[in-house]
Amino acid sequence: MLTACGADVDEAAATGRTTVERCGEPVGYSVPRRAVAYEAGSADKLFSLGLTSHVHGYVMPPANPPVSESPWAADYAKVRMLSDDLLNKEVVVEAKADLVVAGWKSGFSDQRGITPAILDKLGIQSFMHTESCFNYPGHPVRVTPFEALYSDLQRLGRIFKVEDRATRVVAGLKQRAAAVRARAPKGEPVPVFLYDSGTDQPFTAGAQVPPTDIIGGAGGRNVFAGLDQRWTQVTWEAVAKAAPEVVIILDYGDLPAQKKIDFLRSSPRTRELPAVRKGNFFVLDYNEGISGPRNIDGLEKFGAYLRELTTR
C-alpha cells in the first residue's frame, strides 16, 4: 500500500499535478478551470480564495437561502446557476466540469449515482468537504468542524496554486474565532439545543458539524455534543432532560424560523423548556451552519448574543 501511494505521488509530480488528500486518500489534481460547486458552502470556499474565474457554475437546491444574501453575491453573479435541484451526474457532465466540490451525502451520493469514484472514471476531479468525510465509507476522517474548514481552504489553495491566499484567509478566520473565544462568558457553559427540523422527533447537530464549534467557541455547550454524529435525530424526551437555556433555530427551506419558534412555544413537549419559557431563541442562517467561511460569521453573531444574554 505504501508503495502504491508513493507511485501516485511520483506520477502526480511527473504530470504537473498537485497531490492532496481527499477523505484520507491521496489524489493528484491539475488546476481546475471549470469548477462546479454544490451549495453555498462549496462556492463560498472557492470565492473566499479569489477563485471566481475558475468557477463555471453552482448547483443550489431551493431550500438554500438566496445567493443575493451572500457576502460573495457579486461572485455568484459572475458564474452560472446550473440547477436548483440536488447534485447529479448529468448536470456535471453537461457543464464540462473539471472539478466538483461537494460533501459526502450532501451532494455526492451512491443512491443518486454521483460519487468521487464515478467521476474519477469520467475524468472529472472531485473534492469533498473534510467535515463530511466522517461518514465516508472506508476512509472516515475525524477532525473538529472548524479544523475541517481550515483544512479545506488550505487544500483548495494547493489545488488551485493559491497557497499564499489560502494561508491569509485561514489566518484571518482563526484570528476572528480566537477573538470570540477570548470574550466568551466565564463560568459554566450555557446549555444550547440546535433545532433543525422535525415535530415528531427533532433533527439536530451532533459533535461533527460546525454548529457544535460555533456553540462551544461562543461560550455555550451543545447539549448533544456527546453524540458522535453529524446531523442526527433525537427525541423530545432527551431535549427536555437536557434543559437547554438557549435554542438555536437553523433557518432554511420552506419553513421560516418564526414558524419553528411558534411550534416550540405551542407544543406541550417543548413549551416548558427553559429556553422557550424565557424566549431565548437565536436564528442561525443555514450557510452559517454548514461547512464554509460563513461559520465564523455565525460564531461572531452567536458570541455577541450569548454575551448579551449573560449580562441581562
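Which residue forms a salt bridge with Lys45? Asp152 is the partner, and the closest N and O atoms of the two sit 2.7 Å apart. We'll come back to that pair, but let's take in the whole chain before zooming in. Keep in mind throughout that this is a predicted model.

Start with the overall fold. The chain is built from 13 helices and 14 strands. For 312 residues, a compact globule would be expected to have a radius of gyration near 20 Å, and the chain's own value of 20 Å agrees with that. Along the principal axes, the C-alpha atoms fill a box of roughly 65 × 40 × 40 Å. Of the 312 residues, 53% are buried. If you look at contacts between residues at least 6 apart in sequence, 67% of them join residues at least 24 apart.

Now the outside. About 14000 Å² of the chain is exposed, and carbon and sulfur atoms supply 51% of that area. As for charge, there are 37 positive and 37 negative charges, and their mean positions lie 3 Å apart.

That brings us to how the charges pair up. Side chains of opposite charge can pair when their charged atoms come close. This structure holds 11 salt bridges, and a few of them are worth a visit.

Back to Lys45 and Asp152, then. Their salt bridge, at 2.7 Å, links distant parts of the chain: Lys45 belongs to helix 2 (residues 39-48) and Asp152 to helix 6, with their positions 107 residues apart in the sequence. Is this pair buried or exposed? Lys45 has 0% relative accessibility, so it counts as buried. Asp152 is also at 0%, and therefore counts as buried too.

Helix 6 takes part in another bridge, this time through Arg155. The side chains of Glu21 and Arg155 meet at 3.8 Å, N to O. Here, too, distant parts of the chain are linked: Glu21 is in strand 1 (residues 18-22) and Arg155 is in helix 6 (residues 145-159), 134 residues apart. The setting isn't that of the Lys45 pair, though. Glu21 has a relative accessible area of 40%, so it is partly exposed. Arg155 comes in at 21%, and since buried means under 20%, it counts as partly exposed as well.

For a bridge between loops, go to Arg230 and Glu131, whose closest N and O atoms are 2.8 Å apart. Arg230 lies in the loop between strand 11 (220-222) and strand 12 (231-233), while Glu131 lies in the loop between strand 8 (125-128) and helix 6; the two are 99 residues apart. Arg230 has a relative accessibility of 9%, so it counts as buried. Glu131, at 8%, is therefore buried too. Salt bridges can also share partners, and that is how Arg176, Asp297 and Glu300 are joined into one network.

Finally, leave the charges behind and find helix 8 (residues 210-218). How many of its 9 residues are buried? The count is 8, so the helix is mostly covered. At its start you meet buried Pro210 and Pro211, and further along the buried set includes Thr212, Asp213, Ile214 and Ile215, as well as Gly217 and Ala218. Step just past the end of helix 8 and you reach Gly219, which takes a positive phi of about 110°.

Key:
Residues are numbered from 1 along each chain as its sequence is written. This is a predicted model: local features need pLDDT of at least 70, side-chain atom pairs count only at pLDDT 80 or more; totals for chains, interfaces and linings use all residues. Side-chain values use heavy atoms; hydrogens and water are left out. Helices (H or I, at least four residues) and strands (E, at least two) are DSSP runs, numbered from the N terminus. The radius of gyration is taken over C-alpha atoms; the globule rule is 2.2 Å times the number of residues to the power 0.38. Buried means under 20% relative accessible area, exposed over 50%, partly exposed in between (1.4 Å probe, protein chains only). Contact means heavy atoms within 4.5 Å. Accessible areas come from the Shrake-Rupley method with a 1.4 Å probe; for residues, only the protein chains shown count as cover. Lys and Arg count as positive and Asp and Glu as negative; His and the chain ends are not counted. The place of a charge is taken as NZ of Lys, CZ of Arg, CG of Asp or CD of Glu. A salt bridge is a side-chain nitrogen of Lys or Arg within 4 Å of a carboxyl oxygen of Asp or Glu.
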